[in-house]
Amino acid sequence: MSTNQVSRRDFLRVSGLAGTALCLGFYFPSSAKDAEIINTTGITNSEVELNAWIHIDTSGKVTIFNHRAEMGQGSFQSVPQIIAEELEVDLKDVNIVFAQGNREKYGSQITGGSSTIRGSYKNLLKLSATARVMLISVAAQKWGTLPADCYAASGHVFHKTSGRKFHYGELVEQAAKLAAPKEVILKKTSEYKLIRKPLLRQDTPLKTNGTAVFGLDKKLEGMLYATVERNPRLRGMVKSFDDSAALKIPGVIKVFKVRMGVFKTFREGVAVVATSTWAAMQGKKVLKVEWDDSGFEHINTTEIYQRQQDSLQTQEGLFLKKQGDPDAAIKQAGKTLDVVYQTPYQSHYCMEPVNCVAHYQADKVEIWGPIQAPEWVQDFISEQLGFAKEKVIVNMTFLGGGFGRKAFMDYPHEATMISKEMNAPVQVVWTREDDATQGPYRPGISYRCQGAIDDGEIMALKFRMAGQNNDHWRTGKTDQANRSTSEGFLAPYYKSIKNISFAEVQFETPIPTMWWRSVYASTNGFAYESFLDEMAIAAGKDPLSVRRQYLQEERSQLLIDKMEEVSGWKQRKKNEGFGVAITECFASTVGQIVKVSRASDGKIKIDQVWAVMDCGWYVNPDIIKAQVEGSIIMALGAATLHEITFKDGLVEQSNFYNYKMPRITDIPPIEVFIMENEANAGGVGEPGLPAFAPALTNAIFDLTGKRIRKLPFDLKAV
């Protein structure tokens with residue numbers, strides 16, 4: 001890991017942030033690998049430095065400034081667990097604070113692409129080990145001995161032979177005056193005391209006793225409350241509105257038109273501002289708005305998929321990746337397959353609807369809320385208002401789920417514009433219906449999958465995707481293939497299958513789309529791993545053995561070994577259906593096997609899910625298991641229960657009664673296994689999702705002979 005060393009002058013400047021404290025700030029440029037991974041979610045940060053902070057005060061208290069959001073994925077526990085390991089402190093003595101948005105200080109703060117740990121763990125380890133070495137050095141000086149004669153434990157430095165000790169608070173003042181060492185020795189994995197241990201999460205008590213601060217918990221003196229009646233079709237405008245009934249509601253102060261940015265376009269609505277959220281909501285209910293929805297298409301779901309399928313039959317698309325000559329191989333093959341898979345539009349449906357507090361002032365604006373991408377908020381609002389970026393202050397709170405939705409800039413911008421109009425701090429609250437009907441959504445996609453088989457061997461795979469490209473919404477660029485067309489497809493396949501291609505057949509609608517948990521891997525995985533299953537059956541081979549045959553790298557082989565072992569794949573019985581899928585995203589590979597059978601009433605039931613994750617270096621096995629379990633449950637809902645549909649350009653689902661979530665009685669037994677190795681850390685929060693849907697439908701085929709190529713499907717009707 002190459003680093004830029006901190007100069008003595010810079011170190012003393014950073015240390016000076018707290019006069020009697022050790023406050024370390026080491027800068028690590030993003031490696032090429034880190035930048036490449038981040039790019040898979042649309043985050044470009046190849047030249048921005050990562051800045052991680054450790055602050056130790058004279059009492060010995062350690063504070064970590066967490067530069068990423070905590071939305072349930074566990075960074076509030078994992079980051080301190082990493083630092084406490086090398087710093088040699090007890091977790092009870094570590095305090096973690098959300099950092100304000102500041103790209104210059106903290107580098108990328110966008111919580112997405114399962115990047116928090118994999119993008120910074122090496123830097124955090126080195127940073128905390130450096131602090132420990134400096135503290136030991138000061139203690140050794142005080143005792144007139146060598147640092148090798150001392151060791152650190154539980155926030156103290158001990159002298160090995162005499163047993164004398166100092167707590168860190170007694171050493172920080174002198175440590176702050178030292179030059180940082182150029183190199184430090186990190187612990188071996190076998191020496192870890194905290195990392196790789198299932199330690200209890202620090203945010204659990206906060207979230208159960210009510211002290212955790214979410215966006216809705218933020219209160220400011222003189223704060224007003226607002227709701228917004230937004231155009232139900234994104235590109236529509238406000239023609240007129242009648243606020244007479246709304247202004248009669250006690251507490252309603254003002255009603256006016258508001259415009260908020262949605263990447264390269266804008267959404268209009270009418271804001272109702274009041275002295276309470278309840279009054280604002282009641283005012284919104286009686287507000288009358290006439291919309292101008294001319295100039296753009298009002299599309300229906302059936303039209304979307306028909307157009308996608310038509311384009312897949314007539315267009316080659318823009319190639320993202322191509323090796324060999326798949327077309328020639330398909331023409332010459334003895335057996336071919338040519339099928340279409342479909343995945344639906346999905347809503348994020350976070351348990352916490354969108355909300356935001358903004359305080360616009362003459363020379364700055366300050367924002368508080370559940371925000372995944374503080375630097376994007378700073379960039380967008382500073383551009384819209386003409387403020388310097390440092391005058392847009394973004395404070396992150398806990399998030400009640402994000403899944404990509406809260407990386408949008410629309411709701412902070414809307415809150416800012418309402419605050420500007422009112423010349424007061426304002427909290428804007430979205431209802432569940434607002435959240436559900438406004439988007440953005442995971443795009444619905446159709447895939448044309450073609451393959452060639454000769455003598456029982458896969459000779460070619462040709463994939464084409466037709467669906468909205470999220471990058472078009474974010475950047476406006478439409479001249480390149482979707483760079484996520486191959487996401488989820490394992491790299492070792494390229495070494496074993498000579499002819500492979502991925503292409504995007506471009507497809508646009510006025511519907512706003514954006515990332516959803518595991519991004520395109522959540523849809524690609526269903527198409528690609530289901531089709532691989534079809535190819536295995538057509539070749540007359542066992543589906544898991546085909547994956548073993550074509551995934552020749554050692555890590556893949558060990559993963560498959562584990563999958564066979566835990567599931568009893570080779571001991572499968574009649575009247576049981578077993579399905580397998582293996583997907584990769586954000587530098588982690590997950591293999592899943594699903595077992596299904598017929599219940600006494602003849603309906604399909606899911607008996608068991610086995611998930612094996614290879615995420616390389618990891619922190620907390622309990623957090624990993626929880627994230628994989630949550631991913632599988634989310635995938636179950638997306639595959640069998642809910643979808644977003646459109647009629648005349650309007651969303652037809654608005655709340656949990658018609659966008660149903662899995663209930664506890666729907667959840668099958670899930671076992672999660674973690675591969676042990678020394679590879680670089682991969683992501684955890686998202687990679688557990690993509691493999692479930694294809695493993696489930698492959699299992700249903702194994703049991704019933706029915707191939708499911710369109711999601712969602714009714715499990716009870718199979």
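Select Glu229 and Val270 to begin: Val270, in strand β11, is the bridge partner of Glu229. Helices and strands here are DSSP runs numbered from the N terminus, a helix being H or I with at least four residues and a strand E with at least two. The model is predicted: local features need pLDDT of at least 70, side-chain atom pairs count only at pLDDT 80 or more, and totals for chains, interfaces and linings use all residues. Residues are numbered from 1 along each chain as its sequence is written, and side-chain values use heavy atoms, with hydrogens and water left out.

**Strand β11 and its partners**

Extend the selection to strand β8, residues 224–230, which runs antiparallel to β11 and is joined to it by 6 bridges. Two strands are said to pair if DSSP finds at least two bridges between them. Next, add strand β10, residues 252–262, which pairs with β11 in the antiparallel sense over 10 bridges. Within this pairing, Arg259 has Glu268 of β11 as its bridge partner. β10 and β11 form a hairpin with 2 residues between them, and Phe263 in the turn has a positive phi of about 55°.

Now display β11 alone, residues 265–274. Because 9 of its 10 residues are buried, the strand is largely enclosed by the rest of the structure. Buried means under 20% relative accessible area, exposed means over 50%, and partly exposed lies in between, with a 1.4 Å probe and protein chains only.

**Ile418 and the nonpolar cores**

Select Ile418 and show its surroundings. Leaving aside residues up to four places away in sequence, Ile418 touches Ala226, Val228, Phe256, Val258, Ala271, Val273, Val426 and Val428; contact means heavy atoms within 4.5 Å. Ile418 belongs to the largest nonpolar core, which has 127 residues, and is among the members that touch the most others, together with Ile367, Phe489, Phe531, Val594, Ile606 and Phe692. A nonpolar core is a set of buried Ala, Val, Leu, Ile, Met, Phe, Trp, Tyr and Cys residues joined through side-chain atoms within 4.5 Å. A second, separate core has 50 residues, including Ala84, Val89, Leu124 and Leu135. In soluble globular proteins, nonpolar side chains tend to be buried together.

**Strand β19 and its hairpin**

Move to strand β19, residues 445–454, where 9 of the 10 residues are buried. Strand β14, residues 335–343, pairs with β19 in the antiparallel sense over 9 bridges; select Thr336 to find its bridge partner in β19, Ala452. Strand β20, residues 457–467, also runs antiparallel to β19, and 10 bridges join the two. There, Tyr447 has Met465 of β20 as its bridge partner. The hairpin of β19 and β20 has 2 residues between the strands, and Asp455 takes a positive phi near 55° in it.

**Unusual backbone angles**

Most residues other than glycine have a negative phi, and most peptide bonds are trans. Select Gly439 and Pro440, whose peptide bond is cis, with omega near 5°. Pro440 is in the loop between α13 (432–438) and β19. A cis peptide bond also joins Leu711 and Pro712, with omega about -5°; Pro712 lies in the segment after α20 (692–704).

Then visit Ser114, which is not a glycine yet has a positive phi of about 50°. Ser114 lies in the loop between α4 (103–106) and α5 (121–143), and it counts as buried because its relative accessibility is 14%. Ser154 has a positive phi near 50° and sits in the loop between β5 (150–153) and β6 (156–159). With a relative accessible area of 38%, Ser154 is partly exposed.

**The largest cavity**

Select Arg233, Leu234, Ile511, Pro512 and Gly649, the closest to the centre of the largest cavity among the 20 residues that line it. On a 1 Å grid over the protein atoms alone, a cavity is a set of points where a 1.4 Å probe fits but cannot get out, and lining residues have an atom within 4 Å of a point. The volume of this cavity is about 170 Å³, and the structure holds 7 cavities of 30 Å³ or more. Grid points are joined across faces, edges and corners, and a volume is the space filled by probe spheres set on the points.

**A last stop at Thr208**

Finish at Thr208, in helix α7, residues 203–209. Thr208 is exposed, with a relative accessible area of 65%. Add Pro492, which is 284 residues from Thr208 along the chain; the C-alpha atoms of the two are separated by 44 Å.

Technical notes: 1 Å grid on protein atoms, 1.4 Å probe; cavity = no way out; pocket = protein on both sides within 12 Å on 5 of 7 lines; lining within 4 Å.
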